[in-house]
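Colleague: Please take a close look at one part of this predicted model, its salt bridges, beginning with a single pair. A first-year student should be able to follow the account from that pair to other residues placed in the fold.

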Amino acid sequence: MRAAIIEAPGKVSVTTVPDPTPGPRDVVVAVASCGLCGTDLHILQGEFAPTLPIVPGHEFAGEIVEIGSDVTELAVGDKVAVDPSLYCHECHYCRIGRGNLCERWNAIGVSKPGGAAQFAVAPVANCVRLPDHIDVKDAALIEPLSCAVRGYDVLRSTLGAEVLIYGSGTMGLMMLELAKRTGAASVDILDINPERLATASTLGVSRAAATAEELDTPRGWDVVIDATGNAGAIQDGLGRVAKGGTFLQFGVADYATTAVIEPYRIYNQEITITGSMAVLHSYERAAALFASGVLDPAVFISDRMPLESYPEALDRFKAGQGRKIVVEP
């Protein structure tokens with residue numbers, strides 16, 4: 001089969017590799033679409049993936065073409081979206097229900113071969129069957145949506161909150177859509193890319209601007225979400241949290257990124273600073289939300305490119321062009 005390979009830091013190619021073979025409780029998925037995200041760029045930089053080379057792609061969906069000998073829940077021909085998270089189910093964090101913090105955490109497309117290929121293998125437990133009305137080529141959006149759902153689990157949002165989101169890429173726009181459905185009184189969004197701000201306006205953001213100063217909100221915001229991983233945005237956002245508010249680090253920053261906090265202000269104003277790591281008990285809920293129409297794929301997916309163009313797709317994503325870019329084997 002054909003697959004994209006991140007061979008070494010900064011080096012990616014598309015080549016022929018052996019077809020995957022399922023274990024007793026695995027399925028083989030013919031990949032219909034695979035989304036690119038910031039994690040793929042980190043892997044390309046030599047971060048996140050424990051070893052290289054690796055077939056990337058942790059956001060994917062497709063049709064089952066082969067099942068393992070002990071699989072009874074799904075059948076050949078079923079359309080599925082795949083939760084990439086692989087937990088050990090034995091460590092302290094798994095035993096207390098925090099699998100996303102697993103001491104032996106693995107993920108399809110990060111530490112195991114992923115969906116940037118014609119075929120991918122996955123445990124049957126990680127597959128969610130899709131209803132007939134879903135176009136499987138759109139369903140790569142379910143994995144990032146499940147991360148956004150996890151983010152709102154962490155936030156435990158209260159009704160009437162005023163929300164500020166840094167970044168109107170795919171993840172920022174997903175956080176916008178969920179904020180609208182979790183009772184936010186207003187949702188503002190910041191981005192230096194006018195095209196992305198225009199998309200946020202299309203989706204019904206309260207206000208869109210390049211900087212927080214343009215929005216003139218001296219009190220700050222009840223909830224501030226960084227969806228960029230950018231040091232400047234993070235630092236600015238920490239200073240925009242209102243008294244009693246919460247800052248969520250949702251964007252994935254480089255390992256070396258740092259920010260300065262003000263301990264007295266955090267104490268005196270009862271500010272919460274928290275993070276959201278990947279997926280936790282949120283994938284099936286994201287699939288259900290997606291099936292209900294919470295996202296418009298025509299808005300969120302800006303580019304559909306062939307698998308052979310995976311290196312070019314990564315370059316386009318790295319340059320900040322478009323919104324969600326997917327490759328279709």
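Modeller: A salt bridge is counted here when a side-chain nitrogen of Lys or Arg lies within 4 Å of a carboxyl oxygen of Asp or Glu. The model is predicted, with local features needing pLDDT of at least 70 and side-chain atom pairs counting only at pLDDT 80 or more, while totals for chains, interfaces and linings use all residues. Residue numbers start from 1 along each chain as its sequence is written, and side-chain values rest on heavy atoms, without hydrogens or water.

The pair chosen for the close look is Arg304 and Glu328, whose side chains meet in a salt bridge with an N to O distance of 2.9 Å. This pair links distant parts of the chain: Arg304 belongs to strand β16, Glu328 belongs to strand β17 (residues 324-328), and 24 residues separate them. Helices (H or I, at least four residues) and strands (E, at least two) are DSSP runs numbered from the N terminus.

The next matter is how far each partner is covered. A residue is called buried under 20% relative accessible area, exposed over 50%, and partly exposed in between, using a 1.4 Å probe and the protein chains only. Arg304 counts as partly exposed because its relative accessibility is 41%. Glu328, in contrast, is buried, with a relative accessible area of 18%. The pair does not stand alone, for Lys137, Asp138, Arg304 and Glu328 are linked in a network of salt bridges.

A second pair also begins in this region. Asp303 forms a salt bridge with Arg316, their closest N and O atoms being 2.8 Å apart. Here too distant parts of the chain are linked, since Asp303 sits in strand β16 (residues 301-306) and Arg316 in helix α10 (residues 310-318), 13 residues apart. Asp303 is classed as buried because its relative accessible area is 13%, whereas Arg316, at 28% relative accessibility, counts as partly exposed.

A third pair lies elsewhere along the chain. Arg129 and Asp78 form a salt bridge in which the closest N and O atoms are 3.4 Å apart. This pair again connects distant parts of the chain: Arg129 is in strand β9 (residues 127-129), while Asp78 is in the loop between β4 (59-67) and β5 (79-82), with their positions 51 residues apart. Arg129 counts as partly exposed at 46% relative accessibility, and Asp78 is buried at 17% relative accessible area. In total, the rule gives 17 salt bridges.

Positions distant along the chain can also be compared through their C-alpha atoms. Ser292 is part of helix α8 and is exposed, with a relative accessible area of 55%. Its C-alpha atom is 9.7 Å from that of Ile134, although the two residues are 158 residues apart along the chain. Phe250 offers a further case, in the loop between β14 (241-249) and α7 (263-268). The C-alpha atoms of Phe250 and Tyr166 are separated by 9.8 Å, while 84 residues separate the two along the chain. Phe250 is buried because its relative accessible area is 9%. Another loop residue, Met277, is found between β15 (272-275) and α8 (283-292); with a relative accessible area of 36%, Met277 is partly exposed.

Some details of the backbone complete the account. The loop between α1 (38-44) and β4 contains Pro53, and a cis peptide bond joins Leu52 and Pro53, with omega about 5°. The loop between α1 and β4 also holds Phe48. Phe48 is not a glycine, yet its phi is positive, at about 75°. Its relative accessible area of 28% makes Phe48 partly exposed. His89, in the loop between β6 and α2 (92-95), likewise has a positive phi, of about 65°, without being a glycine. At 61% relative accessibility, His89 counts as exposed.

To return to the part requested, the salt bridge of Arg304 and Glu328 joins strand β16 to strand β17, and both residues belong to the network that also includes Lys137 and Asp138.
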